[in-house]
Amino acid sequence: MKLTEKEIAELAEDCISNFLTRETAHHALLKIGINPALIQDAPDERAYYTNIIQFLCSHGQLENWLTELSKEGLKFTQEWEIIDNITQVMDLSKKYQDQALQQSILELREKILVLREENLKLKENLMSLQKQKEIEDVLIRVGNLYYKRTDEKKEHPYCMTCWDYDNKLVSVILYNNITTGNKCFRCTVCNARKNK
Ligand SMILES: [Zn+2]
């Protein structure tokens, strides 16, 4: 049993999101005794890392490569190491023709993949909360509008509803009401929402 195409694609994606460079990838290949020239070249990084992963899978070296990358500070590797590990155990168990054992291994593998998905979602949620917090920290409310603290002249107001309602910073348009002469503002997003 090898990694599925989807898993390989996800792992390649993880390489990209971990800012893996070709140089680091090659360095890790050399460390495990594989000549990078053996890997089929590809113009874009995603395709190239896919080639590396496929090559390593078929040579039973993926885990070793991931271990080397983790020494370089890449953080995605642990779950993948476990998945690759299980994949190898699965291959071994096939030799013994033990159906029950194979079934347990498959289930274990599934559980890890589910945990991995959850972990990714949690990380994403955390990041968006952190971003939200960062923005909240620089906003001040004046009347029914938000301004950034750095905007001392209060020239760039943001819609209060849009931020409070769905955490979007939307600039409002200021204008003078011709009949009353009062200063008014209009949010195009809120207007569009009303007209729905
Ligand atoms: Zn709005």
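This dialogue reads a small set of strand and helix features in a predicted model.

Student: How should I begin with the sheet, and what order do its three strands have?

Tutor: Strands of a sheet pair through backbone hydrogen bonds, either parallel or antiparallel. Here the open sheet has the order S1-S2-S3, and the pairing is antiparallel. Strand S1 (139–142) and strand S3 (158–159) stand at the edges with a single partner strand each, so one side of each is left without a neighbour in the sheet.

Student: How many bridges join S1 to S2, and which residue of S2 is the bridge partner of Arg 141?

Tutor: Four bridges join S1 to strand S2, residues 145–148; among the bridge partners, Arg 141 is matched with Tyr 146, and Ile 140 with Tyr 147. The hairpin of these strands has two residues between them, and Gly 143 takes a positive phi there, near 65 degrees. On the S3 side, two bridges join S2 to S3, and Leu 145 has Cys 159 as its bridge partner.

Student: Turning to the helices, at what angle do H1 and H3 pack?

Tutor: Helix H1 (residues 5–17) and helix H3 (residues 45–58) pack at about 125 degrees, with their axes 9 Å apart. Angles of 65 to 115 degrees count as roughly perpendicular and those over 145 as roughly antiparallel, so H1 is oblique to H3. The crossing of H1 past H3 is right-handed.

Student: Which residues make the contact?

Tutor: From H1 they are Ile 8, Ala 9, Leu 11, Ala 12, Cys 15 and Ile 16, and from H3 Glu 45, Arg 46, Tyr 49, Thr 50, Ile 53 and Gln 54. By class, this contact of H1 with H3 has eight nonpolar, two polar and two charged residues.

Methods. Residues are numbered from 1 along each chain as its sequence is written. This is a predicted model: local features need pLDDT of at least 70, side-chain atom pairs count only at pLDDT 80 or more; totals for chains, interfaces and linings use all residues. Two strands pair if DSSP finds at least two bridges between them. Axes are lines fitted to C-alpha atoms, for helices over the stretch in contact, and angles run from 0 to 180 degrees between N-to-C directions. Angles under 35 degrees count as roughly parallel, over 145 as roughly antiparallel, 65 to 115 as roughly perpendicular and the rest as oblique. A crossing is left-handed if the near helix is turned anticlockwise from the far one by less than a right angle, and right-handed if clockwise. Two residues are in contact if their C-beta atoms, placed from the backbone, lie within 7 Å. Ala, Val, Leu, Ile, Met, Phe, Trp, Tyr, Cys and Pro count as nonpolar, Asp, Glu, Lys and Arg as charged, and the others, Gly among them, as polar.
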